[in-house]
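Welcome! Take a look at the protein below, and then we can walk through it together.

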Amino acid sequence: MADDPLRRQLDACLEKLARTASPATLSAYRRDLEALAEFLATRGIADGAELDVGLVRRFLGAERSRGLAPRSLARRRAAISHFASFLVSAGVLEHNPAELVPTPRQGAYLPKPLDVDQLTRLLDTPHDGSPLAHRDQAMLELFYSSGLRLAELAGLDLDDLEPRRVRVLGKGSKPRQVPVGRSARRALEAWLACRSALAAPGEPALFVGKRGQRLGHRAIQKRLTELARHRGLPEHLHPHRLRHSFASHLLESSQDLRAVQELLGHANLSTTQVYTKLDWQHLAASYDAAHPRARRRRDDNHDTDHG
């Protein structure tokens, strides 16, 4: 089956995607397109030239029937659309059939943020003072202080650090600068003071592992899980929860949705609105406090009709 046109087309598409996409996106799209290939194989289809609207609909319908979540279905469709666009550019298809298939509706998925007390206990738990412990503390503090994505933190170099802020490369290779809080700065200073005990000569990465090289995504996730367990956090901890906690806590305090959008690096405000779980009471309070026609005058309750 390795000589099937479809297999060659999929491999070429993924090879091209690997040049620009993150490892996580590449891995997800690979799984999605492998699922599509298996579906097509059961129907005797071995060439992307046969891909049409009906096949895309039937594939997504079959995936929905076996219980795939709306978010996963939406990503499946996005992967197929990317593959179809690749086939169009290669002259295999005349048009992208996935564009005629609507994206599955998604519920507002919201990772549960940690509350402030939980995070305070997690971050303030003493450690043994070793270089690895200082590194882990600096990662924890920076995740929460600056709301970084996993890929953004893993990709940081020493040169990206400035006295009160850090430069990161977000989704779509979009750069932004985010502030670094006082506690995170102290943790980073402590880590930098002992980083040379671990880092290989000339290694540019801010966070390195025992072998002296850049710490990978899985290693960072594993360390967060272990730290949470050792420090008594009863729930699973991953970078996205720290990022969501950062956004939720900042919004609760500032009520500045646009600022939170900029700090998170979201292209669209709608993404931030879902991410930060704005509830009605919060919106109503902000409206009452800010809108000139909503604010009550002091004597509103004592108005008298002088007719």
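Here are some questions and answers for getting to know this predicted model.

Q: How many helices and strands are there in the protein?
A: Let's begin with the secondary structure of this predicted model. The protein has 2 strands, and its helices number 13.

Q: What share of the residues of the protein count as buried?
A: A residue counts as buried when its relative accessible area is under 20%. The protein has 307 residues, and the share of them that meets this is 40%.

Q: Which element of the protein has the highest mean pLDDT?
A: Across the whole protein, pLDDT averages 84, and 81% of the residues score at least 70. Among the elements, helix α13 (residues 280–290) has the lowest mean, 54. The highest mean, 96, belongs to α8.

Q: Is Ser 183 buried, partly exposed or exposed?
A: Ser 183 lies in helix α8, which covers residues 182–194. Its relative accessible area is 35%. Buried means under 20% and exposed means over 50%, with partly exposed in between. Because 35% falls between those cut-offs, Ser 183 is partly exposed.

Q: What distance separates the C-alpha atoms of Ser 183 and Ala 138?
A: Along the chain, Ser 183 and Ala 138 are 45 residues apart. In the model, the separation of their C-alpha atoms is 9.1 Å.

Q: How many contacts beyond four places in sequence does the model have for residues 278–283?
A: Over residues 278–283, pLDDT stays under 50. A contact here means heavy atoms within 4.5 Å. For this stretch, the number of contacts beyond four places in sequence is 7.

Note on methods
Residues numbered from 1 in each chain as written. Predicted model: local features only at pLDDT ≥ 70, side-chain atom pairs only at ≥ 80, totals over all residues. Heavy atoms only, no water. Helix = DSSP H or I, 4+ residues; strand = E, 2+ residues; numbered from the N terminus. Buried < 20%, exposed > 50% of the residue type's maximum accessible area, 1.4 Å probe, protein only. pLDDT = per-residue confidence, 0-100.
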